[in-house]
Amino acid sequence: METQYLSTLIMAAEQGSFSRAAEKLHLTQSAVSQRIKNMEACCGLQLLDRSGPVLKPTSAGQHVLEVARQMVELEHTMLSGL
């Protein structure tokens, strides 16, 4: 899984909205939504609850978010050490 997809999930969860995440990431709302759908297909589980006015991580999504944050941080650490 690409770290840009992990970063997209993190931003969507933090912003509570695909639209606001797209704005922060300089992507379209459709691109953000598609990245999340691809991640969910890869995991075989829904990662974000879309039923309310604000996106919220599911229990599986919370686990993925915790690990995703670690992976993104490791990537930044690796790149800054070059």
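Helix axes are lines fitted to C-alpha atoms over the stretch in contact, and angles run from 0 to 180 degrees between N-to-C directions. With that convention in hand, the helix packing of this predicted model can be described. Helices α1 and α3 pack at an angle of about 110°, and their axes lie 9 Å apart. Since angles of 65 to 115 degrees count as roughly perpendicular, α1 is roughly perpendicular to α3. On the α1 side the contact is formed by Gln4, Tyr5, Leu6, Thr8 and Leu9, and on the α3 side by Val32, Arg35, Ile36, Asn38 and Met39. Sorted by class, the residues of the α1 contact with α3 comprise six nonpolar, three polar and one charged.

Thr8 offers a close look at this region. This threonine belongs to helix α1 and counts as buried because its relative accessibility is 0%. Beyond its sequence neighbours up to four places away, Thr8 touches Leu25, Val32, Arg35 and Ile36.

A second helix pair involves α3 again. Helices α2 and α3 also pack at an angle of about 110°, here with axes 8 Å apart, so α2 is roughly perpendicular to α3. From α2, the residues in contact are Phe18, Ser19, Ala21 and Ala22; from α3, they are Gln29, Val32, Ser33 and Ile36. The contact of α2 with α3 divides into five nonpolar and three polar residues, with no charged ones.

Between these two helices comes a loop with a noteworthy backbone angle. His26 is found in the loop between α2 and α3, and its phi is near 60°, a positive value in a residue other than glycine. As background, most residues other than glycine have a negative phi. His26 is exposed, because its relative accessible area is 73%, and the cut-off for that class is over 50%.

The interior comes next. The largest nonpolar core has 19 residues, and those with the most contacts inside it are Leu9, Ala12, Phe18, Met39 and Leu48. At least two residues of this core come from each of α1 (3-15), α2 (18-25), α3 (29-43) and α4 (59-80). Helix α1 gives the most, with six residues. As a general tendency, nonpolar side chains in soluble globular proteins are buried together.

Leu48 is one of the core residues with the most contacts inside it. Setting aside residues up to four places away in sequence, Leu48 touches Leu9, Ala12, Ala13, Phe18, Ile36, Glu40, Leu55, Lys56, Pro57 and Thr58. Glu40, included among these partners, sits in helix α3. This glutamate counts as buried because its relative accessibility is 12%, which falls under the 20% cut-off. The side chain of Glu40 reaches the backbone nitrogen of Leu47 at 2.9 Å. With residues up to four places away left out, Glu40 touches Leu45, Gln46, Leu47, Leu48 and Arg50.

Helix α4 provides two residues for a closing look. Val72 is found in this helix and is buried, because its relative accessible area is 10%. Leaving aside neighbours within four places in sequence, Val72 is in contact with Thr3, Leu6, Ser7 and Ile10. The C-alpha atoms of Val72 and Ser7 are 7.0 Å apart in space, although the two residues are 65 residues apart in sequence. Leu79 is also found in helix α4, and it counts as partly exposed because its relative accessibility is 47%. Along the chain, Leu79 and Gln15 are 64 residues apart, and their C-alpha atoms are separated by 26 Å.

Definitions and conventions: Residues numbered from 1 in each chain as written. Predicted model: local features only at pLDDT ≥ 70, side-chain atom pairs only at ≥ 80, totals over all residues. Heavy atoms only, no water. Core = buried A, V, L, I, M, F, W, Y, C linked by side-chain atoms within 4.5 Å. Buried < 20%, exposed > 50% of the residue type's maximum accessible area, 1.4 Å probe, protein only. Helix = DSSP H or I, 4+ residues; strand = E, 2+ residues; numbered from the N terminus. Contact = heavy atoms within 4.5 Å. Parallel < 35°, antiparallel > 145°, perpendicular 65-115°, else oblique. Nonpolar A, V, L, I, M, F, W, Y, C, P; charged D, E, K, R; others polar. Polar contact = N/O pair within 3.5 Å; in protein donor to acceptor, adjacent residues only side chain to side chain.
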